[in-house]
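Biologist: I've got a structure open on my screen and I'd like to learn how to read it. Could you walk me through it?

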Protein chains: 2
Amino acid sequence: MKNSRVTIKDIAKELGLSVSTVSRALKDHPDISVETKKAVVELSQRLKYKPNMMALSLKNSRSNIVGVIIPELVHYFFSSVISGIQEVADKHKMRVIVQQSNESFEQEGEALDAFSDGWIDGLIVSISKETSTYEHFDELQAKGIPIVFFDRPIEQDNVDSVVFDDYKGAYDAVEYLLKIGRRSIAHFAGPASTHVGRERLRGYKKALQDNGIPFSEDLVLYADSFEKGGAGVEALVAKGIEFDAIFTCNDFTAMGVLKALKREGILVPDQVAVVGFGDEDIARMVEPPLTTVRQPGREMGRVAMQTLIDKIDKVPTKERVHTLEASIIVRETT
Amino acid sequence: MKNSRVTIKDIAKELGLSVSTVSRALKDHPDISVETKKAVVELSQRLKYKPNMMALSLKNSRSNIVGVIIPELVHYFFSSVISGIQEVADKHKMRVIVQQSNESFEQEGEALDAFSDGWIDGLIVSISKETSTYEHFDELQAKGIPIVFFDRPIEQDNVDSVVFDDYKGAYDAVEYLLKIGRRSIAHFAGPASTHVGRERLRGYKKALQDNGIPFSEDLVLYADSFEKGGAGVEALVAKGIEFDAIFTCNDFTAMGVLKALKREGILVPDQVAVVGFGDEDIARMVEPPLTTVRQPGREMGRVAMQTLIDKIDKVPTKERVHTLEASIIVRETT
């Protein structure tokens, strides 16, 4: 069932070269050695590689279409980023085409393949959890199609990316809890395997340290869902661990926490204050409305799209990391 | 900024022909008259129309890519449908590419244009609120690219579509409320301009009628958001209208209702029962957990994608409307 058209990637793999080397060899680029060019051309002929017609026909024109690759759509966060991207795209009469990687490195590559025929003007990507190398983006970049990354930082220089200051968001949340008099602040953390999980935990620890509060392993649990939030509260209560606040890694976890606290007869915010992370749509709707750290997803989308348009329009700017600040929205759980 | 490449649509418009006629004329189809063919070919040459290379190169091959056009991504419902589409696509090693129409007829046409070069194997669409004619889908269909519609019914024969039985979902919800002894059931309805708004209101009225309960205009308000749900309760209370249940057109409205009832000191479910619609993720998370009508969005996506794959694979089936049933999920607000 899989499309068997030979791509530039197949040639690169076969010859042990990078995609951009192959691309440049095919274009007779002066930086590529004669031997390499010969090998590339021979193999392309043998494999019956056809440079994509669409790519050739559009080489010097614009399609006014930008591609977006995200891990998953069923997250309020990613769909809010897309609404920001779309807002800026609409203003510039550009279309947005979205693909999902399902958090898979392989599917991210396939999504790129579908975009690699050169019919998009630019690409906005939030990499999958499995992605730690970036060579699969080379083919597009070799074609001069700009890329902007968002949310998940890229360990590579000379790329444009838009990220949140998760560390500072967490730091501010914990400092706010200390300021309103809480001393035994639990953290229901995200997976240590994720950047945001680590950064928020780091912000939590640093805020405690800067305020002279000793860190206690007992007060940190890994819980990043509605169900795990509830189970986390039960675990703390069962172990008899004292706490007067819980700072969670997302709003859904906070909702599970609120429900479990109610079940245990623990009053919010009198006995335990709760702070979420994300400011999902529902944070203001729950009872009591949730204090949380706002991640401006829509703004992230706007900044990513504007950055991409500047690159498409060749506005001279240096590649850089655009950091957006999170802010605390105080409601009734603190 | 807009792409100025001449499309088959421009030719059709200029000559006052349908897109499919122009498409067939260019392919020298026997059904098209010699005069029409001549006019089409002359204009194409004058406008320097170039049949898309990508389309030609892929004409007899498959890209294993399907397109999806939805009104908006920032709705849990649409993203859950996409997760169902993606699930079936993954099994068949096909890729899913998504575009938004922003509920605009014009943008729906532009999204189609981006897909119309023939590089997709099939299309799944939920039409925009503005869409009431369907000729813009002709070009794709003329190319033999199958289309499946979902959620919003298409007033046209011979199309495949997947819809919910909104009427029956509403009927069942109201009948359930009557069965548990409620007699003054308010309905917070969706806009009368939408099919689902009308169908749910119709189900509400019919259930009352079938059970010998007189319909009262006073008990129907138009309220389809968290804020309007709260305002609706205030309005009923201010007018001194008696009610012992509220059936809302979506879960967010129900959440606004729950909050306002609490503010008014009205006990749920003892004094007033509340039933939502949608079974959004948050319905089970709120306090008290919300009784609601489940719309199986993910299943809708799966059925739409399977139907599309059958059409791509030319499995012989008659076009038809696939109707999915909604079901009541009883939780603690009733």
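Modeller: We'll go through the chain contacts, one helix, some salt bridges and a few backbone oddities. Ground rules first: this is a predicted model, with local features needing pLDDT of at least 70 and side-chain atom pairs counting only at pLDDT 80 or more, while totals for chains, interfaces and linings use all residues. Residues are numbered from 1 along each chain as its sequence is written, chains are lettered from A and ligands numbered from 1 in the order in which they are written, and side-chain values use heavy atoms, leaving out hydrogens and water.

Biologist: Fine. How many residues of chain A are in contact with chain B?

Modeller: Contact means heavy atoms within 4.5 Å. By that rule, 51 residues of chain A meet 50 residues of chain B. You can also look at buried area, the accessible area (1.4 Å probe) that two parts lose on being put together, summed over both. Here that comes to about 4,400 Å², with carbon and sulfur atoms giving 58%.

Biologist: And what is the count of salt bridges between chain A and chain B?

Modeller: The general idea is that side chains of opposite charge can pair when their charged atoms come close. The cut-off is a side-chain nitrogen of Lys or Arg within 4 Å of a carboxyl oxygen of Asp or Glu. Between chain A and chain B there are 8 salt bridges. One to click on is B:Glu227 with A:Arg284, where the closest N and O atoms are 2.3 Å apart. On the side of chain A that touches chain B, the elements giving two or more residues are α4 (53-58), α5 (76-91), β2 (95-100), α6 (105-115), α10 (226-238) and α11 (251-263). Those labels are DSSP runs numbered from the N terminus: helices are H or I with at least four residues, strands are E with at least two.

Biologist: Let's pick a helix. How many residues of α8(A) are buried?

Modeller: Buried means under 20% relative accessible area, exposed over 50%, and partly exposed in between (1.4 Å probe, protein chains only). In α8(A), 10 of the 14 residues are buried, so the rest of the structure largely encloses this helix. Among them are A:Asp166, A:Tyr167, A:Tyr171 and A:Leu178. Just after α8(A), A:Gly181 has a positive phi of about 95 degrees.

Biologist: A buried Asp catches my eye. Which side chain does A:Asp166 meet in a salt bridge?

Modeller: That of A:Arg200, at 2.7 Å from N to O. The pair joins distant parts of the chain, with A:Arg200 in helix α9 (residues 195-210), A:Asp166 in helix α8, and their positions 34 residues apart. A:Arg200 is buried at 8% relative accessible area, and A:Asp166 counts as buried at 3%.

Biologist: Are the partners A:Arg298 and A:Glu87 buried or partly exposed?

Modeller: Partly exposed: A:Arg298 has a relative accessible area of 39%, and A:Glu87 has 23%. Their side chains meet in a salt bridge at 2.8 Å, N to O. This one links helix α12 (residues 297-312), home of A:Arg298, to helix α5, home of A:Glu87, 211 residues apart. A:Arg302 joins A:Glu87 and A:Arg298 in a network of salt bridges.

Biologist: Now the backbone. What should I look for?

Modeller: Most residues other than glycine have a negative phi, and most peptide bonds are trans. A:Glu103, in the loop between β2 and α6 of chain A, has a positive phi near 60 degrees.

Biologist: What does the side chain of A:Glu103 make a polar contact with?

Modeller: A polar contact is a pair of N or O atoms within 3.5 Å; within protein, one must be able to donate a hydrogen and the other to accept it, and residues adjacent in sequence count only if both atoms are side-chain atoms. The side chain of A:Glu103 contacts the side chain of A:Arg152 at 2.8 Å, and also reaches the backbone nitrogen of A:Lys129 at 2.8 Å. A:Glu103 counts as buried, at 14% relative accessibility. A:Asn158 has a phi near 60 degrees too, but A:Asn158 is exposed at 58%.

Biologist: Where are the cis peptide bonds?

Modeller: One runs from A:Val268 to A:Pro269, with omega near 0 degrees. Another runs from A:Glu287 to A:Pro288, with omega near -5 degrees. A:Pro269 sits in the loop between α11 and β9 of chain A, and A:Pro288 in the loop between β9 and β10 of chain A.
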